[in-house]
Amino acid sequence: MHLLNLGILAHVDAGKTSLTERLLHSAGIIDELGSVDDGSTRTDTLALERQRGITIKSAVVSFPVGDVTVNLIDTPGHPDFIAEVERVLGVLDGAVLVVSAVEGVQAQTRILLRTLRRLRIPTLVFVNKIDRRGAREDGVLRELTERLAVPVVPMGTVSGIGTREAAFHPAPVPVDVLTEHDDDLLTVYVDGTLTPGRIHAALLDRTRRALVHPVWFGSAATGAGAPELIAGIKELLPRAEGDPDGPLSGSVFKVERGPAGEKIAYARVFCGTLHTRDRVPYGDTTGKVTAISVFDHGTDVREEAVAAGRIARLWGLTDIRIGDSLGVPHREHGQVFAPPTLETVVVPGPDTDRRSLHLALTQLAEQDPLIGLRHDEVRQETSVSLYGEVQKEVVQATLADDYGLQVTFRGTTPLCVERPAGTGAAAEFIKKDANPFLATVGLRVDPAPPGTGVAFGLEVELGAMPYAFFKAVEDTVRATLGQGLHGWQVTDCAVTMTHSGYWPRQSHAHQGFDKSMSSTGYDFRGLTPLVLVEALRRAGTRVYEPMHRFRLEVPADTLGALLPVLAALRAVPGSTDSRGGRCLLQGAVPAARVHGLEQRIPGLTRGEGEWESAFDHYAPVLHGTVPERPRTDLNPLDRKEYLLNVTGRTGV
C-alpha cells in the first residue's frame, strides 16, 4: 500500500473545504456533498466551525486513489489560525493550494505558497469557482506568475468560464516552463525529438522538487476539473517514505480531548513502527500508548500498530503536547510563520468561576500552544496572545459553548519585546553585600543581532562547581528574561556568566546534610534574577513594537483621502507604484493599527482597495509613552519585595 499525506491550503473562502468534500465524493467516501453554508461538511466537525462556515482546526480524512491511500488534511484559511497550518506543514508529503478564479491571488495565497516553496513541499494549484460570475482564466494565471513569482504549468484550458457549464479540458503540457532551467531538455526540444514520455518525466521531476507548480481549473460545486486533479495528485506527488523497521521517529501536530476529557494526539510516524502498550519517549518524559487508530476510507479504525508513513491518533500519552517528538526527533522545519503579535486580558463574567476558567484556558492552550497563557497572580488576571480579532471571538465562543463560561475581553494590545541598549554587568558574592543566598553569581548582558534570540555562555570554568548549579543559573536566566525592565520579553542578547562560587556539601558529625552550610540549586535560582536585572539596569533596555509589512492596491483617485489616514495610523509607505488607474503602496504599519486600518480601507477606496499584511519586524517605540506590561513574577526589580517573597525576609 502506498501512502500520501496531503494538505489542502488556501486563503479563506477560496473553497478549500468544498474541494475536500468533492474529492471525498469523487473517491466514493461520501454519497452526498456536504455544504459549508449548511454546516454539513465532513471535516468541519466543531459546532463553531459549522456555525461560522470557517475551518478553525485541521482535520484528517482518508480516501483511496487507485493503489494510493491519501490522508487529506483540511487546514484553516483565515490568517488568525495560521498556527494550525504551521503545525500541519511538518507532516506533509505534498499540498494542493486552492485559489479562487474570481478573487485570484489573495494575501494568504502569497504567504502560503512562499512558505511551501521555502520548505520544498511539492504543491499543485487548483483554481476553483470557474462556474462563478467574474471567474477568470488568463488573469489568474498571470497573477500566479507575476504576484507569486513562481513557475506554473497550466494542465489544460477552460470553456464556458463564468457559467454553470464551465468545464476543464486537459491539454498538452507547455514545454517552455520545463525547458527554462534544463539545457538537455531544451536541446531535445529544439532537435524535435522530445517525446511525451520525456515531457511527463520532466514535469514529474520538477513538481516533486517543488520547482514548478501544475495548475488545474475547476469547480468544487459542479465537479469540473476534480477527476483531473485527483489524477494529478496520484501521478505527480511523492509517496510517504520511511523504514518501518527503523528506530521510532514521529511528530505530534494536533492534540484534542475526547468525550471523557482524555488527551488524543495526532501524529505522523516518519520511521519505525509504534504498537499499543509500547512505552514511548516524548518531550521530557515517557508514556504508554493505550490505543491507536489510523485513517482509512473516510473514517478512523482501531489498529494494534502504526508504521512509518502513516498518520495516527494515539491515546494514553497524558502529558503530550503539540510539537513533541515521539522517539528519535525528526528534523524540524522551525517556526515558519510569525508568532502572535497581539495580547488581550480575559475578563470572567459575573457568574464565571476563575478556577474553572483557568482550567479551560489551559486546555485550549494544549490544543493551540501559541495562545500563550500568562497569569498574573497579584491581579488575578489571565492574558492570551492572539493573531487577530476573529481568533478572540472564537476563544470567547468556545469557552461559552464547550465549557459554559461567559467571558469578555479588554482591548487588544501589541506584544512588544525588549532588547538591551548596551552592555551591563553585575555580581553578588556569598556572604557579602547582604546576599542571603549561599551562591556567587556574576552575569554580563550584551546586545546581539536582531533575530538571534538569547544565548548563554560561560567565562568561568565548567568544573568550578557542580554542573547542576550552572544549569540552574542558565534556566533561571532564560525564565527571568521573560519579563524585562518594562515587563516585556527580553530577546536578542548574550548573557555570560562571569563569576561563580558555592559552598560544598557540609555535614555535622554523625548527622545528615546541613543546608545552612551548603549551597543548593535553590540558592542559585534565587540569586540569579537579582543579578540579571541589575545587569539589565546597567545595560538599559529599549522597547520594540511589532510592525507589519503591508501591500495596498487602490484606485489612484482615492490616494488623497487615504494618505492622511495612513499617516494618522503611523503607516509609512515605503514605495508607491502607479499602474494605469491603480496605485500600489507598500510599507510598514504598527501591528496595533492593522485591524483599525483594515476596517477603514473599504470606505476610503469605494470597496476597491486590496489589502494584505504580515508581521515583518520589531521597531523601537519612538512615539508617546513607552508601553509597560504588568509583571507576573516575584518582581526582582524591587529587591526588598523579591527577597520577602522568596526567603521570607528582606536581607541583612
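This report describes a predicted model of one protein chain, starting with the whole chain and ending with one strand of a sheet.

## The chain as a whole

The protein chain contains 16 helices and 34 strands. Its radius of gyration is 28 Å, close to the 26 Å that the globule rule gives for 652 residues, so the chain is as compact as a globular protein of that length. Measured out along the principal axes, the box filled by the C-alpha atoms is roughly 90 × 65 × 60 Å.

Of the 652 residues, 54% count as buried. The chain exposes about 28,800 Å², and carbon and sulfur atoms supply 51% of that area. Among contacts with a separation of 6 or more, 72% are between residues 24 or more positions apart.

## An open sheet of 7 strands

One open sheet in the model is formed by 7 strands, with mixed pairing. Their order across the sheet is β2-β3-β1-β4-β5-β9-β6. The edges are β2 (residues 59-65) and β6 (residues 152-154); each has a single partner strand, so one side of each is left without a neighbour in the sheet. From one strand to the next, the twist averages 25°.

Helix α5 (residues 138-146) packs on this sheet. The helix touches β4 (94-100), β5 (123-128), β6 and β9 (213-217), and its direction makes about 160° with that of β6.

## Strand β3 and its two partners

In the order of the sheet, β3 stands between β2 and β1. Strand β1 (residues 2-10) and strand β3 (residues 68-74) run parallel and are joined by 7 bridges. On this side, Asn5 has Asn71 of β3 as its bridge partner, and Leu4 stands opposite Val70 in β3.

Strands β2 and β3 are also joined by 7 bridges, but they run antiparallel. Here Phe63 stands opposite Val70. Val70 therefore has Leu4 opposite it in one pairing and Phe63 in the other. β2 and β3 form a hairpin with 2 residues between the strands, in which Gly66 takes a positive phi near 65°.

## Cover around β3

How many of the residues of β3 are buried? The count is 7 of 7, so the strand is mostly covered.

Both faces of β3 are covered. On one side Val68, Val70, Leu72 and Asp74 are buried, and on the other Thr69, Asn71 and Ile73 are buried. Two of these residues have already appeared: Asn71 as the bridge partner of Asn5, and Val70 opposite Phe63.

Notes
Residues numbered from 1 in each chain as written. Predicted model: local features only at pLDDT ≥ 70, side-chain atom pairs only at ≥ 80, totals over all residues. Heavy atoms only, no water. Pairing = 2+ DSSP bridges. Helix = DSSP H or I, 4+ residues; strand = E, 2+ residues; numbered from the N terminus. Axes fitted to C-alpha atoms, helices over the stretch in contact; angles between N-to-C directions. Contact = heavy atoms within 4.5 Å. Rg over C-alpha atoms; globule rule 2.2 N^0.38 Å. Buried < 20%, exposed > 50% of the residue type's maximum accessible area, 1.4 Å probe, protein only. Areas by Shrake-Rupley, 256 points an atom, 1.4 Å probe, with all protein chains shown as cover.
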